[in-house]
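User: I've got a chain loaded and I'd like to know where the labels on it come from. Can you take me through the reasoning, term by term?

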Amino acid sequence: MSGKLELMLGPMRSNKTAELLRRAEMRRQYASQYVLVLKPSDDTKGGPGMVESRNPNGHGKMDALEFNSHNPWEVLKAIAQREKQIGKKVECIAIDEGQFVSELFLFTRHLLDANHDVLIAGLDLDFRALPFGEMLNLTWLVNAYGGSITECMAYCSCGSRALYSQRLIDGKPAAYLSPIKVPCDSYEPRCAEHFVLPGKPH
Ligand SMILES: [Zn+2]
């Protein structure tokens with residue numbers, strides 16, 4: 001017995017998180033499943049802990065387990081603890097911001113092999129329009145284990161479908177070689193015609 005994988009991919013502002021939480025809530029409400037929502041973080045001290053994540057899109061607040069994005073494996077212990085607490089299996093694991101999780105392919109495969117259904121939302125491309133983390137590799141797991149791939153739609157301000165996440169620093173398009181961490185950057189979804197990437201090598 002193994003679980004199935006539901007993948008939600010798309011650029012910034014394609015409502016991936018809202019879709020993830022909607023599906024988590026449906027499983028709770030209609031399928032009576034226990035759904036554990038996971039949120040990768042850069043700054044967890046002392047192991048995984050519960051946080052309240054607020055979603056502005058109307059699903060209200062939902063508890064999430066925050067874990068160190070560099071070590072998803074520490075979550076396994078938390079899952080085992082939770083199963084002991086509730087006296088049954090955690091049927092479904094939902095992971096937000098999957099692009100930040102190290103060893104995401106192996107970790108997801110491990111969860112599927114342990115018969116958890118897995119929902120993962122994340123960015124498919126980074127601001128340089130290159131594959132982000134291991135998100136695109138997960139499509140293989142959908143093939144192998146079953147499930148679905150959902151391309152979440154976003155729109156450029158011109159009205160066309162946006163496939164890219166335009167990064168802006170001080171309101172101007174960020175250069176290809178701009179540093180990963182800049183305090184005042186922002187993102188907006190853009191179509192191919194309006195996506196700008198100064199200094200792009202190819
Ligand atoms: Zn456009």
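Analyst: What follows is a run through the labels, each set against its cut-off. This is a predicted model, so local features need pLDDT of at least 70 and side-chain atom pairs count only at pLDDT 80 or more, while totals for chains, interfaces and linings use all residues. Residues are numbered from 1 along each chain as its sequence is written.

User: What makes up the secondary structure of the chain, and what counts as a helix or a strand?

Analyst: Helices (H or I, at least four residues) and strands (E, at least two) are DSSP runs, numbered from the N terminus. By that rule the chain comes to four helices and ten strands. Along the sequence the pattern reads β-α-β-β-β-α-β-α-β-α-β-β-β-β.

User: Why is the chain called as compact as a globular protein of that length?

Analyst: Set one number against another. The radius of gyration is taken over C-alpha atoms, and the globule rule is 2.2 Å times the number of residues to the power 0.38. For 202 residues the rule gives 17 Å and the chain has 18 Å, which is close, so the label holds. As for the box, the C-alpha atoms fill roughly 55 × 35 × 35 Å along the principal axes.

User: Why is Asn68 called buried, and Arg27 partly exposed?

Analyst: Count C-beta atoms, placed from the backbone: a residue is buried if 20 or more others lie within 10 Å of its own, exposed if 12 or fewer, and partly exposed in between. Asn68, in strand 4 (residues 60-68), has 20 others within 10 Å, so Asn68 is buried. Arg27, in helix 1 (residues 16-31), has 18 C-beta neighbours inside 10 Å and therefore counts as partly exposed. Over the whole chain, buried residues make up 34% of the 202.

User: What does Arg27 touch, leaving out residues up to four places away in sequence?

Analyst: Contact means that the C-beta atoms of two residues, placed from the backbone, lie within 7 Å. On that test Arg27 touches Gln33, Val35 and Cys92. Arg27 and Cys92 are 65 residues apart along the chain, with 8.4 Å between their C-alpha atoms. Across the chain, among contacts between residues at least 6 apart in sequence, 70% join residues at least 24 apart.

User: How do you know that the buried residues of helix 3 line one face?

Analyst: Leu104, Phe107, Thr108, Leu111 and Leu112 are the buried ones in helix 3 (residues 104-113). Seen down the helix axis, they fall within an arc of 135 degrees, so they line one face. That arc is the one spanned by the directions from the helix axis to the C-beta atoms. As background, an α-helix has 3.6 residues a turn, so residues three or four places apart point the same way. Leu106 and Asp113, on the other side of helix 3, are exposed.

User: And what covers that buried side of helix 3?

Analyst: The cover includes strand 1 (5-10), strand 5 (92-95), strand 6 (117-123) and helix 4 (138-145).

User: What makes strand 1 mostly covered, and which strands does it pair with?

Analyst: Six of its six residues are buried. Leu5, Leu7 and Leu9 lie on one side of strand 1, with Glu6, Met8 and Gly10 on the other. As for pairing, two strands pair if DSSP finds at least two bridges between them. Strand 1 has six bridges to strand 6, in the parallel sense, and five to strand 7 (residues 147-151), also parallel. Leu7 stands opposite Ile120 in strand 6, while the bridge partner of Leu9 in strand 7 is Glu151.

User: What makes strands 9 and 10 edge strands?

Analyst: Three strands form an open antiparallel sheet in the order 9-8-10. Strand 9 (172-173) and strand 10 (185-190) each pair on one side only, and that makes them the edges. Strand 8 (residues 164-169) has six bridges to strand 10, with Ser165 partnered by Pro189.

User: How is the chain divided into domains, and how many residues does each give to the contact?

Analyst: The bounds, from an automatic or database domain assignment, give domain 1 (5-151) and domain 2 (155-202). Nine residues from domain 1 and eleven residues from domain 2 make the contact.
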